[in-house]
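User: Hi! I am new to this structure and would like to learn how to read its features. Could you walk me through them?

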Amino acid sequence: MIITAVPTHVITGFLGAGKTTFIKALLQTKPVDETWAVLVNEFGEIGIDAGLMGNGNAQVVIREVAGGCICCAAGVPLQVAVTQLLAKAKPQRLLIEPTGLGHPQQIIRTLKSDWFAQSIRLLSAVCLLDPRKLSDARYYEHETFNAQLASADILLAAKADLWQEQSQVQQQLQQFVAKHYPQKPWLVWSQQLPVPSALWALMQHPGNDTSAPSRQTSSLLQPTSEFNIDADSTDEAFDDRGVLFKQHLDGEVCSYGWVFSPAWVFSLAPLLQWVRAQQVMRLKAVMITADGIAACNMLDGELQVAELDDALDSRLELISREPLDAVLLERQLLACAAAEY
């Protein structure tokens, strides 16, 4: 039996860099006769990114691995997750999104190991960064932030539509790349223009291949069409109210996540008011409201809200540097409901 190694990309970047949106944009370029697979690793216990990407048929198969970094435990969680996903989806291309708090080097080593020698063809790894964060010591001094950039083959300056008119940010980005990563190719990404062919050309080179072009370039990127995803999900054990709560704590950050059964319908205005009041590192949510399905994405107080076509349930997760009162937060959340279970 001849086994064709699946072209595989690792898409990394710190919390809120835009990895999920970038993967969604890449999926717009998928040939209609191909099946692609996406492995999403989230730090928290509640999987949300698949909901932010969308849902639908089996042309794109997503598997979420929640509750920590799949790069840990000598790569065993990653081996299991990738092997199962390849067996289920039989994809022509695989995209892997590690958690924004994870070190990608172990993931890259695992994908290059003998275990995947016949099934994975690892191509260039892409690291997204938001240039506006380069003036924030919590980012540029963070070990994981720098490890992600160092491990990548291509750097992608994200969210250009929010900073491309700010000359100070542009200058800061150019100085940062020139000082720390002068040999790495880098591009600029915005949702306002199509996927550039130059980016795909760079991404097709094997990771850490010195024959790949080493030049600075600037291109812009945006989704071009709708697509459908078949999310790989597991049954959730709701309590008698139709609520599931999970938390994940380590020495650095804490996550608090809720899943609400579809019978819970929230009022959009008080929900957004509650979201904006949270002083946390990161907040992600897909919520069923009386005004439609709301997708919320907040980083360091900067909130983006979009409307989705559908959702199986409501999910919300907070990531904080400090412990939070989960009981109080849940009480406040439930007070935003327009209808109860």
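Analyst: Gladly! Let's begin with two residues, Phe14 and Phe145: both are buried. Keep in mind that this is a predicted model.

User: How are the rings of Phe14 and Phe145 placed relative to each other?

Analyst: A pair of aromatic rings is described by the distance of the centres and the angle of the planes. The whole structure holds 10 aromatic pairs. For Phe14 and Phe145 the centres are 6.0 Å apart and the planes meet at 85°, so this pair is edge-to-face. Phe14 sits in the loop between β1 (6-13) and α1 (19-27), while Phe145 belongs to helix α6 (residues 143-151), so the pair ties together parts that are 131 residues apart in sequence.

User: Which residues form an aromatic cluster with Phe14?

Analyst: Tyr139 and Phe145 join Phe14 in one aromatic cluster. Another pair to look at is Phe260 and Phe266, both of them buried. Their ring centres lie 5.1 Å apart with the planes at 70°, so they too are edge-to-face.

User: Now the strands, please. Is β4 largely enclosed or open to the outside?

Analyst: Look at how many residues of the strand are buried. In β4 (residues 93-97) that is 5 of the 5, so the rest of the structure largely encloses the strand. The side chains go two ways: Arg93, Leu95 and Glu97 point to one side, Leu94 and Ile96 to the other, and all are buried. Strand β4 also pairs with β1 in the parallel sense, over 3 bridges. Within that pairing, Val10 stands opposite Ile96.

User: And how many residues of helix α1 are buried?

Analyst: Helix α1 is mostly covered, with 7 of its 9 residues buried. Among them are Phe22, Ile23 and Leu26.

User: What does a single polar residue look like in this picture? Where is Gln79, for instance?

Analyst: Gln79 is part of helix α3 (residues 76-89). Its relative accessible area is 17%, and because buried means under 20%, Gln79 counts as buried. Beyond its neighbours within four places in sequence, Gln79 is in contact with Thr110, Trp115 and Phe116.

User: Let's turn to charges. How many salt bridges are there?

Analyst: The count is 6 salt bridges. In one of them, Asp130 meets Arg132, and their closest N and O atoms are 2.7 Å apart. Asp130 is buried at 4% relative accessible area, whereas Arg132 is partly exposed at 22%. Arg132 also forms a salt bridge with Glu302, where the closest N and O atoms are 2.9 Å apart. That pair links distant parts of the chain, 170 residues apart: Glu302 is in strand β15 (residues 302-308) and Arg132 in the loop between β6 (126-129) and α5 (137-140). Glu302 is partly exposed, at 32% relative accessibility.

User: Which residue does Arg138 form a salt bridge with?

Analyst: The partner of Arg138 is Asp136, with the closest N and O atoms 2.9 Å apart. Arg138 is partly exposed at 41%, and Asp136 is buried at 18%. As for networks, shared partners join Asp130, Arg132 and Glu302 into one.

User: Finally, how many disulfides does a search of the whole structure find?

Analyst: A disulfide is a covalent bond between the sulfur atoms of two cysteines. Here the search finds 0 disulfides. Cysteines do appear in the model, though: Cys254 is buried at 7% relative accessibility, and Cys296 is buried at 1%.

Conventions:
Residues are numbered from 1 along each chain as its sequence is written. This is a predicted model: local features need pLDDT of at least 70, side-chain atom pairs count only at pLDDT 80 or more; totals for chains, interfaces and linings use all residues. Side-chain values use heavy atoms; hydrogens and water are left out. A disulfide is a pair of cysteine sulfur atoms within 2.5 Å. Buried means under 20% relative accessible area, exposed over 50%, partly exposed in between (1.4 Å probe, protein chains only). Rings of Phe, Tyr and Trp (its six-membered ring) pair if their centres lie within 6.5 Å; planes under 30 degrees apart count as stacked, over 60 as edge-to-face and the rest as tilted. Helices (H or I, at least four residues) and strands (E, at least two) are DSSP runs, numbered from the N terminus. Contact means heavy atoms within 4.5 Å. Two strands pair if DSSP finds at least two bridges between them. A salt bridge is a side-chain nitrogen of Lys or Arg within 4 Å of a carboxyl oxygen of Asp or Glu.
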